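Have a look at the chain below before you read on. We'll walk through it one topic at a time.

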Amino acid sequence: MIAVEQNVFHSFLTKHDEKQWAEVLGRLLSSIHPVDQIATKIWFSFWPLKLARELQESTDAVQTAKRLQLDGNYRLDEQVDSSVDYFLGSRFWGGVKKAILEHAESMTRAASAGLEEQIRGIAAKVARDKSVEDRFVLGITAVGVMIFQQVRIAAFAAAAQGSYQIKNHQSPEQLLKSRLGKEGGWRAMFGGKKKHRVTFDESRQEGSFQALEGQDLSMASSCDKRDFQSQDRRRIAGPVPAECRSGACGYCWIGVLGGHENLSDAADFEKKRLHYFGYVPRDVAVGKHSHIRLACQSKCYGDVTIVIPPWNGVLDGGK
Ligand code: FES
């Protein structure tokens, strides 16, 4: 067991910045099973290194949270396991954490292999142990290595010791099919407007709400009158947090796992706001069907599957 906070693998990882990680991720993506490709991109957007470094380097956590206008649970070390719940590869998460720790423990001097090679090596070991193809565990292994870089080693080791409860048992084919987000929808009996399904938790039958044709996801979410605030106080009305519904606050950011083209194209205003909040780095163009959107700016024209991040803030703030 790693007993100190400094470790050769950890030191190696801390030399990597967001740009280097983005390059590695770009090369890994095509080797990841399609069911976890977008999930991997979403995870890396939800947990940017910039946030981790701001928190690590802070001498006054309250001031830092205030400066970055952070709200919700922005501590990755408190949600190592739940941050990967929406991955198909999460069913191998226990093995991935164990393999990363073993890799870190076995490294006694600087490795000649680069970051990409090491991630692929760890994933190959997990795949062998679990008798699955590498592509099913590669995305979640990249995520696990990034978590190892971001959180204290003790926090990662503690998470590795605990058991992980698999949330979703659907097959890759079932997940891909349900995320396709068929167009069309069904007409309400009265009023005649089409309705679409917005799934925010694929692991539960009741993990979805309805959206009327052309309704933005934030407004549609607010029509879901179930209690979500007891889980997350930012969820004042419906499962998607919201304050302004005008692109001003950044509370409603979401990851889009499937049905991207069933949402209205991201307009220039939304793209600018995603850069302003730091949800998409300024040197990365926001596509019209981006995997990161603002729910209040996204109108619904078919079924979609989304992931709701547990925090929001302003990481960039127009710098
Ligand atoms: S609710 Fe404020 S940006 Fe969408």
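Here is a quick tour of the domains, one helix, one strand and the nonpolar core. Keep in mind that this is a predicted model.

**Two domains and where they meet**

- The domain assignment splits the chain into domain 1, residues 8-163, and domain 2, residues 173-312.
- If you take the C-alpha centre of each domain, the two centres are 25 Å apart.
- The domains do touch: 18 residues of domain 1 are in contact with 18 residues of domain 2.
- On domain 1's side of that meeting place, the elements giving two or more residues are α3 (34-46) and β1 (71-72).
- Helix α3 supplies the largest share of that side, with 8 residues.
- Sort the residues on domain 1's side by type and you get 10 nonpolar, 4 polar and 4 charged.

**Helix α2, a helix with two faces**

- Which residues of helix α2 (residues 18-28) are buried? They are Val24, Leu25 and Leu28.
- Looking down the axis of α2, you'd find these buried residues within an arc of 100°, so they line one face of the helix.
- A handy bit of background: an α-helix has 3.6 residues a turn, so residues three or four places apart point the same way.
- Turn to the face of α2 that points away from the buried side, and there you meet the exposed residues Lys19, Gly26 and Arg27.
- As for neighbours, the buried residues of α2 pack against α3, α7 (115-130) and α8 (138-150).

**Strand β5, with a partner strand in β6 and in β7**

- Why is strand β5 (residues 253-258) described as largely enclosed by the rest of the structure? Because 6 of its 6 residues are buried.
- Strand β6 (residues 292-294) runs antiparallel to β5, and 3 bridges join them.
- One of the bridge partners here is Ile292 in β6, which pairs with Gly255.
- Strand β7 (residues 304-307) is also antiparallel to β5 and is joined to it by 3 bridges.
- Over in β7, Thr305 is the bridge partner of Gly258.

**The largest nonpolar core**

- This core has 82 residues, and the ones touching the most other members are Val137, Val198, Cys252, Ile254 and Ile306.
- Helix α8 gives the most to the core, with 8 residues.
- Both domains chip in, since the core draws at least three residues from each of domain 1 and domain 2.
- Leaving out residues up to four places away in sequence, Val137 touches Gly89, Phe92, Val96, Ala123, Val126, Ala127 and Val132.

Note on methods. Residues numbered from 1 in each chain as written. Predicted model: local features only at pLDDT ≥ 70, side-chain atom pairs only at ≥ 80, totals over all residues. Domains from an automatic or database assignment. Contact = placed C-beta atoms within 7 Å. Helix = DSSP H or I, 4+ residues; strand = E, 2+ residues; numbered from the N terminus. Nonpolar A, V, L, I, M, F, W, Y, C, P; charged D, E, K, R; others polar. Buried ≥ 20, exposed ≤ 12 C-beta atoms within 10 Å, placed from the backbone. Pairing = 2+ DSSP bridges. Arc of directions from axis to C-beta. Core = buried A, V, L, I, M, F, W, Y, C linked by C-beta atoms within 7 Å.
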